[in-house]
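Visitor: Good morning. I would like to go through a structure with you, step by step. Could you bring it up, please?

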Amino acid sequence: MTRWNDGTDRVEAVSPDITDETNALPAEYFTDPNAYEMEKEKIFSRYWVYAGHANCIPETGDFFTRTVGDKQIIVLRDNENDVRAFYNVCAHRGSKIVEDTPMTEPGSMSRIQCPYHLWTYDLDGDLSTTPKSFEEASLNPDLADEEVAKLDDDGNSLLEVSTDRIGPLVFVNFDTDPMPFEEQAGKMATELESLPLGDYQHAARFVSEVECNWKTFGGNYSECDHCQANHQDWIEGIQLDESELEVNDYHWVLHYTHEEDVDDELRIHDEHEAKFYYLWPNFTVNMYGTADGYGTYIIDPIDESRFQLIADYFFETSEMTREELEFVRTSRQLQEEDFELVERQYEGLKSGALAQAQLGPNEHTLHKFHRLAQEAYNA
Amino acid sequence: MTDRERASFTAICPDCNERKGTETPNEILGFYRRHRNLTGHDIEWEFVDHESIPTSAANEGLKAIVLELDETFDNGVPLALVTAAMGEQGYSIGETMAELRELRMTGHVWEPKDDHVSAF
Ligand code: FES
Ligand SMILES: [Fe+2]
């Protein structure tokens with residue numbers, strides 16, 4: 001039974017059993033500004049979140065920045081060819097070090113230098129040099145030069161953030177003692193690692209701003225009951241009745257079979273099957289059945305009522321063929337169709353009439369999503 | 001009709017066709033910044049509620065535009081309106097922001113409050 005805000009019903013926690021009437025996350029978590037403030041801490045600072053694609057920073061010193069909530073990191077390729085992440089914050093007095101640098105236009109540096117007082121760090125984050133004024137006390141009459149302690153490189157290194165990978169996909173975790181990445185990515189990591197994802201290059205990025213809570217779009221992505229009515233062009237070649245929704249600990253997968261296929265030579269995954277992975281909290285990997293390539297979505301909140309969809313596409317080369325371009329266009333169309341749906345849903349939610357929604361028996365992927373949110377809030 | 005279509009202020013990314021409609025001009029700046037941070041793309045004005053921008057400023061320099069607009073605002077001109085007026089002359093938001101930075105760094109323009117500018 002749906003619970004309305006009609007002065008009688010109250011909400012309850014998302015029940016573990018999907019057949020219970022309280023099987024959805026109470027609506028206030030989608031519309032209350034405080035909910036997003038809490039999520040920044042309890043979700044985006046504790047779980048593994050996608051940072052970007054390692055192929056975009058192939059050379060030593062290549063880097064991009066990524067902002068998650070209030071935190072910004074520099075993701076870079078170090079001298080050992082590893083990808084590492086550091087807070088974009090200087091160890092001296094906290095200045096932001098590098099400018100915002102998108103993954104699509106990565107920067108390159110041989111050392112990390114803060115523009116404020118020129119403290120300089122190696123690519124492994126250790127302090128390498130400071131200007132003379134930090135070694136001598138010439139301006140301080142109370143101190144002799146010999147009394148100035150040499151800054152220890154290690155103790156004054158940049159603050160590193162844990163990283164892990166699924167092939168070329170780089171994930172970060174801001175927790176000082178993060179859960180093992182395998183625990184969160186589980187079977188999804190194993191499945192994707194068996195594919196040559198690293199052989200593909202970044203070809204296109206589209207960023208859209210949508211007027212709804214990020215979880216509204218996450219939920220829409222996680223089910224296809226709305227597809228028949230809303231994605232006429234897309235469902236044409238898809239056998240929706242043969243699709244399957246699979247639920248795992250922190251991710252769920254939507255399998256679709258379709259009639260047509262790409263050339264056998266040019267396919268990175270199973271025949272006639274497309275797989276759409278949603279990894280809690282806000283990342284998806286889209287293994288298209290009808291194109292030789294894959295895509296990723298980041299569903300990045302701006303605040304409680306807006307998010308950015310960052311859609312990246314990876315193909316054999318970064319120059320798209322005409323077919324690939326056409327494919328991306330269809331994908332963009334799907335996004336726009338979904339944006340209309342979720343903005344419309346959000347207008348309804350914002351009215352405050354609904355207290356707690358009611359999920360159907362086949363919305364078990366959504367139920368998982370709502371359960372994970374609840375679990376994170378209570379942790 | 002969606003929200004985007006009836007908005008008073010709209011801007012567009014010519015590279016990826018992403019369009020943003022807002023009710024207050026400076027929200028377009030937020031869009032510009034977020035979009036640029038993720039893609040490196042510049043943004044152009046598409047439509048401005050014309051009452052917000054006097055057209056007499058056309059074809060004057062940036063500083064003249066700030067001075068003129070400044071007369072109708074108490075505490076600085078919303079920065080986005082300056083970019084919109086320059087947009088009328090074919091400048092992208094990024095181009096205006098770069099020129100404005102130049103003016104600020106040389107002391108011609110200042111910010112009486114965040115994202116609002118005055119000239120002297
Ligand atoms: S704050 Fe970075 S060198 Fe001073
Ligand atoms: Fe959809």
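Visitor: How do S3(A) and strand S4 of chain A pair, and over how many bridges?

Guide: Please keep in mind that this is a predicted model. S3(A) and S4(A), the latter made of residues 71-77, pair in the antiparallel sense, with six bridges between them. One residue to look at is Phe64(A), which stands opposite Val75(A) in S4(A).

Visitor: What about the hairpin of S3(A) and S4(A): how many residues lie between the strands?

Guide: Two residues lie between the strands of that hairpin, and Gly69(A) takes a positive phi near 60 degrees there.

Visitor: Which other strand pairs with S3(A), over two bridges?

Guide: That is strand S6 of chain A, residues 107-108, and this pairing is also antiparallel. Within S6(A), Gly107(A) is the bridge partner of Phe63(A).

Visitor: Is strand S3 of chain A mostly covered or mostly open?

Guide: S3(A), which spans residues 62-68, is mostly covered, since six of its seven residues are buried.

Visitor: Back to phi. Which residue between S4 and strand S5 of chain A deserves a look?

Guide: Asn81(A) sits in that loop, ahead of S5 at 83-87. Its phi is positive, about 70 degrees, although Asn81(A) is not a glycine. Most residues other than glycine have a negative phi.

Visitor: Why does Asn81(A) count as partly exposed?

Guide: Its relative accessibility is 44%, and partly exposed covers the range between 20% and 50%.

Visitor: What is the phi of Leu118(A)?

Guide: Leu118(A) also has a positive phi, about 65 degrees, and is not a glycine. Leu118(A) belongs to the loop between strand S7 (112-113) and strand S8 (120-121) of chain A. With 42% relative accessibility, Leu118(A) counts as partly exposed.

Visitor: Now peptide bonds. What kind joins Trp280(A) and Pro281(A)?

Guide: A cis peptide bond, with omega at about 0 degrees. Most peptide bonds are trans. Pro281(A) is in the loop that runs between strand S15 (273-279) and strand S16 (283-287) of chain A.

Visitor: And Phe339(A), buried or exposed?

Guide: Phe339(A) is buried because its relative accessible area is 1%, and buried means under 20%. This residue is part of helix H7 of chain A, residues 322-350. Its C-alpha atom is separated by 25 Å from that of Trp4(A), a residue 335 positions away along the chain.

Visitor: Let us change chains. How many helices and strands are there in chain B?

Guide: Chain B contains five helices and six strands. Along the sequence, they follow the pattern α-β-β-α-β-α-β-α-α-β-β.

Visitor: What radius of gyration does chain B have?

Guide: The value is 14 Å, which agrees with the figure near 14 Å for a compact globule of 120 residues. The C-alpha atoms fill a box of roughly 40 × 30 × 25 Å along the principal axes. Of the 120 residues, 51% count as buried.

Visitor: Which residues of helix H3 in chain B are buried?

Guide: In H3(B), residues 62-70, the buried residues are Leu62(B), Ile65(B), Val66(B), Glu68(B), Leu69(B) and Asp70(B). Their cover includes strand S4 (77-78), helix H4 (79-87), helix H5 (93-105) and strand S6 (116-119) of chain B.

Visitor: Finally, how many positive and negative charges does chain B have?

Guide: Chain B has 11 positive and 23 negative charges, and the mean positions of the two groups are 7 Å apart.

How values were computed:
Residues are numbered from 1 along each chain as its sequence is written. Chains are lettered from A and ligands numbered from 1 in the order in which they are written. This is a predicted model: local features need pLDDT of at least 70, side-chain atom pairs count only at pLDDT 80 or more; totals for chains, interfaces and linings use all residues. Side-chain values use heavy atoms; hydrogens and water are left out. Buried means under 20% relative accessible area, exposed over 50%, partly exposed in between (1.4 Å probe, protein chains only). Helices (H or I, at least four residues) and strands (E, at least two) are DSSP runs, numbered from the N terminus. Two strands pair if DSSP finds at least two bridges between them. The radius of gyration is taken over C-alpha atoms; the globule rule is 2.2 Å times the number of residues to the power 0.38. Lys and Arg count as positive and Asp and Glu as negative; His and the chain ends are not counted. The place of a charge is taken as NZ of Lys, CZ of Arg, CG of Asp or CD of Glu. Contact means heavy atoms within 4.5 Å.
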